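Colleague: Could you walk me through this one and tell me how you back up each label you use?

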Amino acid sequence: MTELSEVTRDDASLRRFLHGLPGVDQVGVEQRAAGLATRSIKKASKLWAIDTAISMVDLTTLEGADTPGKVRTLAAKARRPDAEYPEVPHVGAVCVYPDLVETAVTALVGSGVGVASVATAFPSGRSNRQVKIADTEMAVAAGASEIDMVIDRGAFLSGRYGQVYEEIVAVKAACGDAHLKVILETGELSTYDNVRRASWLALLAGGDFIKTSTGKVSPAATLPVTHVMLQAVRDWRDRTGQLRGVKPAGGIRNTKDAIRYLVAVHEVAGPEWLTPSLFRFGASSLLNDLLMQRRTQLEGHYSGPDYVTVD
Amino acid sequence: MSDRVTVAKTYKLYIGGAFPRSESGRVYPVADSRGGFLANAAQASRKDAREAVAAARKAFPGWSGATAYNRGQVLYRVAELLEGRRAQFVHEVTASEGVKRAEAIVDAAIDRWVWYAGWTDKLAAVLGSSNPVAGPYFSFSTPEPTGVVAVLAPQHSSLLGLVSVLAPVIAAGNTCVVVSSQDRPLPAITLSEVLATSDVPGGVVNVLTGRTAELAPWLAAHADVNALDLTGAPDSTRTELEKAAAGTVKRVLRAPRTEPDWTREPDMARMRAVLETKTVWHPMGV
């Protein structure tokens, strides 16, 4: 087996390594994902899964129309998702654009909720490296504890892996202490093999998390894609002993979906990944459904959208 | 050799404009008035009820926001389609209820749609008002639909009774989840086929077949249901259902001990029961 340090020596060895990764059995991974999705989680396990999922949510608002007021509202919800049930855990992080990081940080002081910021010319990533690094530095300076960067899909798809690698390394350096999540935008990578290569590329370059999508491209996160990425972090752990995280984002709207992802995490990566420091959901409407389902479990009857906050 | 075996049908539910099987996979046999086998009907579970409520909620903004004139046209179109399927309804009502004069019942049901169709654009004029107030304000009140209504359809009158409780709910602009007559669900199933091919948007009417006593408590306690019609609720469960409905302050239409005579001329009571009054004070003379 090649030493991983050798792999990143130059463009050619990087290419040799990535193209030497075993191909993904498309039918197999889709069937496995669909099979795991039928698993039934009930009662106490479901309640546990709901609470765990809530603590893994990266409550996200990435709209052109975002205002400081909206971010503060979101922060309040992140601190205490359900006003009537104070025992509900706080969410993993709030995810905003760089210019709103400061607002979010101020609103979340002392809460334990992280502040994630997208950076590097999100969502397209179409800008030069100086701009991307400045974008990252600005978010970190404003107090972001997590940076969600996008990879240059154009470079990746045309095979310039070295360029993508260097860019992730440079952004990682600009992050300082902040965690780096690398968005692969799997909806634009077209094959599972590409997803596997991009995952390894991001892990090699030092990404703390690999994230499926920006949420701006359809299809966003899917179960099979997340499977491939979970396999990558599992294999990375087997080779290096380091634990890296996965974050599916976009299109996860209800509790049923979220629990399916948790089952996949448990079965593909392993139970040690069932923690907010290694698995996150990038979502906005998911949280309300989780809260409604939680109430249904506790109150014995179905809840409705009138009983959770509108955001 | 023409002893053809008739195809035994297994019907499905009507939720959100589609015809899904029950999530539980259950079906139950439906007997005619003499106890002979008629068909299998889906036996809905609480999760089907939940899906139906979600579909009704989703359809509510569109249906309540449609103009009253448009709603009237849509309901009138339902009457037209019902007329087209008259023979089938006559057959099913005869088989289900064992009555001799099923034609008259079906005709009355068709006429009832027309009657309620005519009311949609008159409700505001009749139930609304401009209110004399002591100040420089123009104060006026208008009726607005309550929201998602859970209807427990009458157990005996499977078509006319069903139409008599369903039509006022949607004429007023609400969306609904109907639990059909437990032992006589066929007319309700055929009516859902009519609704699916009419202009009524999917989700405005959702029809569940199955055990009323099993489904009713879930609908009564569901926090996203705004009103509950107890017409077809089993006698012994009504108090419990009212209590469950009180948990989220639903409007409850109580039911008389015995089923009313559905052939009697309808009035506005059923529409008024699922309408809220909104009053607006508008400054004048500025």
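Modeller: Sure. This is a predicted model. Let's start inside a sheet of chain A: T60(A) has C95(A), in strand 2 of chain A, as its bridge partner.

Colleague: What makes strand 1 and strand 2 of chain A a pair?

Modeller: A pair needs at least two bridges. Strand 1 and strand 2 (residues 93–96) of chain A are joined by 3 bridges and run parallel, so they pass that cut-off.

Colleague: And how does the chain get from strand 1 to strand 2 of chain A?

Modeller: The route goes through helix 5 (residues 68–79) of chain A, and this β-α-β crossover is right-handed.

Colleague: Why is the crossover called right-handed?

Modeller: Look along the strands so that they point away from you; a clockwise path from the first strand over the helix to the second earns the name. The crossover from strand 1 to strand 2 of chain A is right-handed, so that path runs clockwise.

Colleague: Which other strand does strand 1 of chain A pair with?

Modeller: Strand 8 (residues 281–283) of chain A, in the parallel sense, over 3 bridges. In that pairing, L59(A) has A283(A) as its bridge partner.

Colleague: Which way do the residues of strand 1 of chain A point?

Modeller: V57(A) and L59(A) go one way, D58(A) and T60(A) the other, and all are buried.

Colleague: What about strand 3 of chain A, how many bridges join it to strand 2?

Modeller: There are 4 bridges between strand 2 and strand 3 (residues 114–119) of chain A, and these strands run parallel too. A93(A) stands opposite G114(A) there.

Colleague: How do the strands of chain A line up in the whole sheet?

Modeller: It's an open sheet of 8 strands, in the order 7-6-5-4-3-2-1-8, with parallel pairing.

Colleague: What makes strand 7 and strand 8 of chain A edge strands?

Modeller: Strand 7 (245–247) and strand 8 each have a single partner strand, so one side of each is left without a neighbour in the sheet. Neighbouring strands in this sheet are turned by 25° against each other on average, ignoring direction.

Colleague: Now chain B. What is the order of its open sheet of 3 strands?

Modeller: The order is 3-4-10, and the pairing is antiparallel. Strand 3 (129–131) and strand 10 (275–283) of chain B are at the edges, since each has a single partner strand.

Colleague: How do you know that strand 3 and strand 4 of chain B pair?

Modeller: Same style of check: at least two bridges are required. Strand 3 and strand 4 (residues 137–145) of chain B have 3 bridges, in the antiparallel sense, so they count as paired. Within strand 4 of chain B, S141(B) is the bridge partner of S129(B).

Colleague: Back to chain A. Why do you say helix 10 is largely enclosed?

Modeller: Of its 13 residues, 11 are buried, so the rest of the structure largely encloses helix 10 of chain A. Among the buried ones are Y192(A), R196(A), R197(A) and W200(A).

Colleague: How does the reach of helix 10 of chain A fit what is expected?

Modeller: Helix 10 (residues 192–204) reaches 18 Å from first C-alpha to last, close to the 18 Å expected at 1.5 Å a residue. Just after helix 10 of chain A, G206(A) takes a positive phi of about 105°.

Colleague: What makes the phi of E185(A) and A121(A) worth a look?

Modeller: Most residues other than glycine have a negative phi. E185(A) has phi near 50°, and A121(A) has phi near 55°. E185(A) sits in the loop between strand 5 (179–183) and helix 10 of chain A, whereas A121(A) is in the loop between strand 3 and helix 7 of chain A.

Colleague: Why is E185(A) called buried but A121(A) partly exposed?

Modeller: Buried takes 20 or more other C-beta atoms within 10 Å, exposed 12 or fewer, and partly exposed is in between. E185(A) has 24, so it is buried. A121(A) has 16, so it falls in between and is partly exposed.

Colleague: Where are the cis peptide bonds that you flagged?

Modeller: One runs from F122(A) to P123(A), with omega near 0°; P123(A) lies in the loop between strand 3 and helix 7 (129–141) of chain A. Another runs from S218(A) to P219(A), also with omega near 0°. P219(A) is in the loop between strand 6 (209–211) and helix 11 (223–240) of chain A.

Methods
Residues numbered from 1 in each chain as written. Chains lettered and ligands numbered in written order. Predicted model: local features only at pLDDT ≥ 70, side-chain atom pairs only at ≥ 80, totals over all residues. Helix = DSSP H or I, 4+ residues; strand = E, 2+ residues; numbered from the N terminus. Expected span 1.5 Å × (residues − 1). Axes fitted to C-alpha atoms, helices over the stretch in contact; angles between N-to-C directions.
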